[in-house]
Amino acid sequence: EMCIRDSTCILYLWQNRHTVVIGRNQNAWAECRTTELERDSGTLARRLSGGGAVYHDAGTLNYTFIHHLDKEGALPAFSEAGKPIAEALQKLGLPVTFSGRNDLMLDGLKVAGVAHCRRGMRYLHHGCILVNSDLDVLSQALNVDPAKYKSKGVASVRSRVGNLAEYLAVHSPDL
């Protein structure tokens, strides 16, 4: 067990290469294309928290906060727990907002998903931020509801998820 003082908050920033991470209660075969992932030397991992399957690559920035809860009871809302990340992105000129239960949105696209869990009085909140992820590989690695994607032009373009880099290229090319 990790030893931290009650008032300490630990932040981890990390990355994976070609990995599908599924939530605590998910079926790997239903959530990702396991045969293709194995064929392409990808990794499948299960996290302690719930939530949906996510794809990680070198263009995905993952973060984890671990801290002490003040009292027994419900966990904070995802938007409250993820507020430091949202504020940091907003300071960079990215007008992100929380939408739905656990989506961080930018210009109508999901750019991050978050999840959390507790162990006793310790609270873990984490998320993955699509900075410059390969969204074509993401869509090939996951078994995604086709309604979450739509095709535009010649190539299939994701309409539900997006990268921060794509937004910045259009709105802040000098940044």
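Contact here means heavy atoms within 4.5 Å. By that criterion, the cover over the buried residues of helix 4 includes strand 5 (60–68), strand 6 (97–99), strand 7 (103–106), strand 9 (122–130) and helix 6 (164–171). The structure is a predicted model, and its chain has six helices and 11 strands. The points below take up the chain as a whole, then helix 4, the sheet, strand 2 and Glu-31.

**Whole chain and confidence**

- Of the 175 residues in the chain, 40% are buried.
- The exposed area of the chain is about 10,100 Å², and 53% of it comes from carbon and sulfur atoms.
- Among contacts between residues at least 6 apart in sequence, 67% join residues at least 24 apart.
- The average pLDDT of the chain is 86, and 86% of the residues score at least 70.
- Residues 149–159 have a pLDDT under 50 throughout, and for this stretch the model has 18 contacts beyond four places in sequence.

**Helix 4**

- Helix 4 covers residues 83–91, and its buried residues are Ile-85, Ala-86 and Leu-89.
- Viewed down the helix axis, these buried residues fall within an arc of 100°, so they line one face of helix 4.
- The elements that cover this set of buried residues include strands 5, 6, 7 and 9 as well as helix 6.
- Gly-93, just after helix 4, has a positive phi of about 90°.

**The six-stranded sheet**

- Six strands make up an open sheet with antiparallel pairing, in the order 1-5-9-8-7-6.
- Strand 1 (9–14) and strand 6 are at the edges with a single partner strand each, so one side of each has no neighbour in the sheet.
- From one strand to the next, the twist averages 25°.
- Strand 6 and strand 7 run antiparallel and are joined by three bridges.
- Phe-98 is placed opposite Leu-104 of strand 7.

**Strand 2 and its two partners**

- In a regular strand, side chains alternate between the two faces of the sheet.
- In strand 2 (residues 19–22), Thr-19 and Val-21 point one way while Val-20 and Ile-22 point the other way.
- All four of these strand 2 residues are buried.
- Strand 2 pairs with strand 3 (residues 43–46) in the parallel sense, over four bridges.
- Strand 2 also pairs with strand 4 (residues 54–56), here in the antiparallel sense and over three bridges.
- Thr-19 stands opposite Thr-43 in strand 3, and Thr-19 also stands opposite His-56 in strand 4.

**Glu-31**

- Glu-31 is part of helix 1, which covers residues 28–31.
- Glu-31 counts as partly exposed because its relative accessibility is 23%, while the buried class is under 20% and the exposed class over 50%.
- Apart from neighbours within four places in sequence, Glu-31 is in contact with Ile-22, Gln-26, Ala-53, Leu-142 and Asn-143.
- One of these contacts, Ile-22, is among the buried residues of strand 2.
- Glu-31 and Val-54 are 23 residues apart along the chain, and their C-alpha atoms are separated by 9.1 Å.

Conventions:
Residues numbered from 1 in each chain as written. Predicted model: local features only at pLDDT ≥ 70, side-chain atom pairs only at ≥ 80, totals over all residues. Heavy atoms only, no water. Buried < 20%, exposed > 50% of the residue type's maximum accessible area, 1.4 Å probe, protein only. Arc of directions from axis to C-beta. Pairing = 2+ DSSP bridges. Axes fitted to C-alpha atoms, helices over the stretch in contact; angles between N-to-C directions. Areas by Shrake-Rupley, 256 points an atom, 1.4 Å probe, with all protein chains shown as cover. pLDDT = per-residue confidence, 0-100.
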